[in-house]
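Student: Could we walk through this protein together, starting with how its strands pair up?

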Amino acid sequence: MPDVTRTLAFDADPRYAPGPPRKPPMSKLAIAGTIGAVVISIGLVLSLLTLSFGGKPVSQSKGNLPGVIEDQGPPPSAVASEPGVPVPTDEAETPSPTPTRPDAEGDAAVEGQVIKLVNNERRKRGDCEPVDPDDSLAEAARVHSADMAAGKFLNHKGSDGSDADQRMQAAGYDDPLSENVARGFTSAKDVVKAWMGRKEQRNHILDCDARSIGVSVVVADDGTPYWTQNFGA
């Protein structure tokens, strides 16, 4: 009969207990992969820390904030405002007797792109004829864009208190219809997209009564583009 006491003591003695199975050594390729993963992880962490504490968010990279307006308030203040922020209308100063008209040539190529995009939107509607460029409407738009760029305001009212209809008639167009204005947008595509995203401006663009159009963009001395779009019946 075997000695049970001796057998149990042997099994319980740590000097004779079998250890855990040994893992095979890592290959050089596996070691390199592990080191690479650690390096990449450290790089990602450092990038996140840089964006959090020292980087500039992409959404704030543009100096000029775009803006569009729908209402026609009182004449804007002559005091310059931050680009993209509508001028407060409850503290408007007395407007100057005539609009400020700096030398402004506009950008005929970009203005033509706006007209093309407008007609594309009207074509999508299916029952509106395209609008034709009109020199008088373009002149009225140029006057207002230059005025807004000089005073750095965004409003349908000019610095002389004039409204859109008065400016179009003064330029020689007898049947004015509507006006869209905006600032800060840096391309024809972006400004038309913004106007189409607002109910009132979209209605102006898709108004089948509109037969003619005039567009102007004038860049202020701080680099902010000011846009005016006039429609005539």
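Student: How many bridges join β3 to strand β5?
Tutor: Happy to start there, keeping in mind that this is a predicted model. Strand β5 covers residues 225-232, and β3 and β5 run antiparallel. The count of bridges joining them is seven.

Student: Which residue in β5 stands opposite Val181?
Tutor: Nice follow-up, since this picks out one position where β3 faces β5. The β3 strand spans residues 176-183. Standing opposite Val181 in β5 is Thr228.

Student: How many bridges join strand β1 to β3?
Tutor: Strand β1 comprises residues 67-68. It runs antiparallel to β3, and Val68 stands opposite Ala182 there. The bridges between β1 and β3 number two.

Student: How many of the eight residues of strand β3 are buried?
Tutor: Here a residue counts as buried when its relative accessible area is under 20%. By that cut-off, β3 is mostly covered. Of its eight residues, the buried ones number seven.

Student: What percentage of the residues in the protein chain is buried?
Tutor: Let's step back from β3 to the whole chain, which has 233 residues. Its exposed surface is about 14300 Å², with carbon and sulfur atoms supplying 56% of that area. The buried share of the residues is 36%.

Student: What pattern does the protein chain follow when read along the sequence?
Tutor: The ingredients are seven helices and five strands. Among contacts between residues at least 6 apart in sequence, 72% join residues at least 24 apart. Read along the sequence, the pattern is α-α-β-α-β-α-α-β-α-α-β-β.

Notes:
Residues numbered from 1 in each chain as written. Predicted model: local features only at pLDDT ≥ 70, side-chain atom pairs only at ≥ 80, totals over all residues. Heavy atoms only, no water. Buried < 20%, exposed > 50% of the residue type's maximum accessible area, 1.4 Å probe, protein only. Helix = DSSP H or I, 4+ residues; strand = E, 2+ residues; numbered from the N terminus. Pairing = 2+ DSSP bridges. Contact = heavy atoms within 4.5 Å. Areas by Shrake-Rupley, 256 points an atom, 1.4 Å probe, with all protein chains shown as cover.
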